[in-house]
Amino acid sequence: TFFVIICDMVSTTFIFPVFSIHLNKKFGLGVEITSMFFVFQIIGYCTALQILNPINYRLGNKITMILGLGINLIGILFLCPVSFIPQNWLMVVVGMTIIGFGGVLITIPGIIDIMNILKEKLKLSEVQSNDNASAMYNFASALGEAFGPLMGGYITERHGFEQACFMTSLINFIFSFVFGFSNVKNIHRELKEAKVKVAFY
């Protein structure tokens, strides 16, 4: 869960050092215009907040996070846009919105998941679990924010922005499978609990 949160932050921040330059070269957009694209991440984030509870209620924390990684994977491919997507700036807007949407499906379930693990595995109290989960999330977030721009800038300089998008999408893809396979029993348990909740309520 800790590494999934890092992956989510990398997906958000890898574009920071190169995004304006890429959009200027690709579509001739100035810095003032490109900075407005980040507003669409916020719009996607706020939209996802409205439907997070029903999704998380039915799927559980871990599948919700896997879904978030999958959504990130798709959104990142729109940022370039990669060759099989129409080449216009509207696709970039779609990509930014999708990434903002996917981030919610990782952030909130991720914090809850860490809290549950600390309570169940380490037998910490509610207050201790909340505090430690918050600290762990902030640490994972900081690592992602530090590593993302380094990775994005390096790959873009060596191989181009499209390759940076492919690599970041690949990271999301790999983490979704690793996280899923390493939590098969927990996923089954969460799905059973979700069925009981839905049937009961």
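Which residues touch the most other members of the largest nonpolar core? This is a predicted model, in which local features need pLDDT of at least 70, side-chain atom pairs count only at pLDDT 80 or more, and totals for chains, interfaces and linings use all residues. Residues are numbered from 1 along each chain as its sequence is written, and side-chain values use heavy atoms, with hydrogens and water left out.

The residues asked about are F14, F19, F37, L79 and F161, which belong to a core of 41 residues. A nonpolar core is here a set of buried Ala, Val, Leu, Ile, Met, Phe, Trp, Tyr and Cys residues joined through side-chain atoms within 4.5 Å, where buried means under 20% relative accessible area, exposed means over 50%, and partly exposed lies in between (1.4 Å probe, protein chains only). At least two residues of this core come from each of α1, α2 (19–27), α4, α5, α6 and α7 (161–181), and α5 supplies the largest share, nine residues. The helices named here are DSSP runs (H or I, at least four residues; strands would be E, at least two), numbered from the N terminus. A second, separate core has six residues, among them A48, I55, I71 and V104. In soluble globular proteins, nonpolar side chains tend to be buried together.

L79 shows what such packing looks like from one residue, for when residues up to four places away in sequence are not counted, L79 touches F14, I15, H22, V92, G95, M96, I99, F161 and C165. Contact in this sense means heavy atoms within 4.5 Å. C165, one of these partners, counts as buried because its relative accessibility is 0%.

The cysteines deserve a separate look. A search of the whole structure finds zero disulfides, a disulfide being a pair of cysteine sulfur atoms within 2.5 Å. C165 is in no disulfide, and the nearest cysteine sulfur, which belongs to C80, is 4.9 Å away. C46, by comparison, has 39% relative accessibility and therefore counts as partly exposed.

C80 also leads to a point about the backbone, since the peptide bond from C80 to P81 is cis, with omega near -20 degrees. P81 lies in the loop between α4 and α5. Another backbone feature is found at K123, in the loop between α5 and α6, where phi is near 60 degrees, a positive value in a residue other than glycine. K123 counts as exposed because its relative accessibility is 66%. Most residues other than glycine have a negative phi, and most peptide bonds are trans.

From the cores we turn to the open spaces. A pocket is found on a 1 Å grid over the protein atoms alone, as an open set of points where a 1.4 Å probe fits, with protein on both sides within 12 Å along at least five of seven lines, and lining residues have an atom within 4 Å of a point. The largest pocket holds about 400 Å³ of space, a volume being the space filled by probe spheres set on the points, which are joined across faces, edges and corners. Its lining has 18 residues, and those closest to its centre are G60, N61, N116, E190 and E193. Helices α4 (38–79), α5 (89–120) and α8 (184–200) each supply at least two residues of this lining, and α8 gives the most, with six residues. By class, the lining of the largest pocket has four nonpolar, six polar and eight charged residues, where Ala, Val, Leu, Ile, Met, Phe, Trp, Tyr, Cys and Pro count as nonpolar, Asp, Glu, Lys and Arg as charged, and the others, Gly among them, as polar.

N61 is placed in helix α4 and counts as buried because its relative accessibility is 9%. Leaving aside neighbours within four places in sequence, N61 is in contact with N56, P109, I112, D113, N116 and E190.

The second largest pocket has a volume of about 220 Å³. Of the 15 residues that line this second pocket, M9, T12, Q41, Y45 and G100 lie nearest its centre, while α1 (2–13), α4, α5 and α6 (126–159) each supply at least two residues of the lining. This lining has seven nonpolar, six polar and two charged residues.

T13 also lies in helix α1 and, with 2% relative accessibility, counts as buried. Apart from its neighbours within four places in sequence, T13 is in contact with G144, E145, G148 and P149.
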